[in-house]
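Student: I am new to this structure. Can we go through it step by step?

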Amino acid sequence: MQMVGLIACALYWFHPLAWWCLRQMRIEREQACDDWVMGSGESASDYAQQLLALARSESATTLLSSAEMARGGNLEKRIARLFQNNCNRTPLSQISLVTLLVSTI
């Protein structure tokens, strides 16, 4: 889906909505990864420490996803979200996933 978003931005480079949608997709991707880690049993405090250590490391600037994570103040929001108890972290069911994919075609 990220590739589709990049292609859409290449085709509609002049349209701000295309760029906004791509940014939202990246935020959702990071949240999905955080939810997956939290769902696998990692404690919020341990994972938050790992995210902070990654953002502080020198290698964070060489990795695209880490550099994106550390940029724009999104890291603070991600860490705060880790400690929220009211977040739904369950993955989509297969039926929901198929319905979503079919509706986007």
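The questions below go from the whole chain to single residues.

Student: Where does this model come from, and what pattern does the protein chain follow along the sequence?
Tutor: The model is predicted. The chain's secondary structure comes to six helices and zero strands. Read along the sequence, the pattern is α-α-α-α-α-α.

Student: What percentage of the residues count as buried?
Tutor: A residue counts as buried under 20% relative accessible area. The protein chain has 105 residues. The buried share of them is 25%.

Student: What share of the contacts with a separation of 6 or more comes from residues 24 or more positions apart?
Tutor: Take the contacts in the protein chain with a separation of 6 or more. Now keep those between residues 24 or more positions apart. Their share is 45%.

Student: How many salt bridges does a search of the whole structure find?
Tutor: One joins the side chains of R78 and D34, at 2.5 Å from N to O. Another joins R81 and D35, with the closest N and O atoms 2.8 Å apart. The search of the whole structure finds two.

Student: Which helices does the pair of R78 and D34 link?
Tutor: The two residues are 44 residues apart, so look for distant parts of the chain. D34 sits in residues 16-39 and R78 in residues 74-82. The helices are α2 for D34 and α5 for R78.

Student: How many residues apart in sequence are the parts tied together by R81 and D35?
Tutor: R81 forms a salt bridge with D35. R81 lies in helix α5 and D35 in helix α2, so the pair ties together separate parts of the sequence. The distance along the sequence is 46 residues.

Student: Are R81 and D35 buried or exposed?
Tutor: Buried means under 20% relative accessible area, and exposed means over 50%. R78 and D34, in the other salt bridge, are both buried. R81 and D35 are both buried.

Student: What is the handedness of the crossing of α2 and α5?
Tutor: The two helices pack at an angle of about 35°. Their axes are 11 Å apart. The crossing is right-handed.

Student: How many charged residues are in the contact of α2 with α5?
Tutor: From α2 come I27, E30, Q31, D34, D35 and M38. They meet N74, R78, R81 and L82 in α5. By class, three are nonpolar and two are polar. The charged residues number five.

Student: Which side chain does the side chain of N74 join in a polar contact of 2.4 Å?
Tutor: N74 lies in helix α5. At 10% relative accessibility, N74 counts as buried. Its polar contact of 2.4 Å is with the side chain of E30.

Student: Why does D34 count as buried?
Tutor: D34 lies in helix α2. The cut-off for buried is under 20% relative accessible area. D34 counts as buried because its relative accessibility is 2%.

Student: Which residues is D34 in contact with, leaving aside its neighbours within four places in sequence?
Tutor: Start with R78, as a polar contact of 2.5 Å joins its side chain to that of D34. Then add the others beyond four places in sequence. The full list is Y47, L51, R78 and L82.

Student: What distance separates the C-alpha atoms of Y47 and D34?
Tutor: Y47 lies in helix α3. Y47 is buried, with a relative accessible area of 10%. Y47 and D34 are 13 residues apart along the chain. Their C-alpha atoms are separated by 8.7 Å.

Student: Which residues does Y47 touch, not counting those up to four places away in sequence?
Tutor: D34 is one of them. R78, the salt-bridge partner of D34, is also among them. The list is D34, V37, M38, E42, R78 and L82.

Student: With which side chain does the side chain of E42 make a polar contact?
Tutor: E42 is in the loop between α2 and α3. At 26% relative accessibility, E42 counts as partly exposed. Beyond four places in sequence, E42 is in contact with V37, Y47 and Q50. The polar contact, at 3.4 Å, is with the side chain of Q50.

Notes. Residues numbered from 1 in each chain as written. Predicted model: local features only at pLDDT ≥ 70, side-chain atom pairs only at ≥ 80, totals over all residues. Heavy atoms only, no water. Salt bridge = Lys/Arg side-chain N within 4 Å of Asp/Glu carboxyl O. Helix = DSSP H or I, 4+ residues; strand = E, 2+ residues; numbered from the N terminus. Buried < 20%, exposed > 50% of the residue type's maximum accessible area, 1.4 Å probe, protein only. Axes fitted to C-alpha atoms, helices over the stretch in contact; angles between N-to-C directions. Left-handed = near helix turned anticlockwise from the far one by under 90°. Contact = heavy atoms within 4.5 Å. Nonpolar A, V, L, I, M, F, W, Y, C, P; charged D, E, K, R; others polar. Polar contact = N/O pair within 3.5 Å; in protein donor to acceptor, adjacent residues only side chain to side chain.
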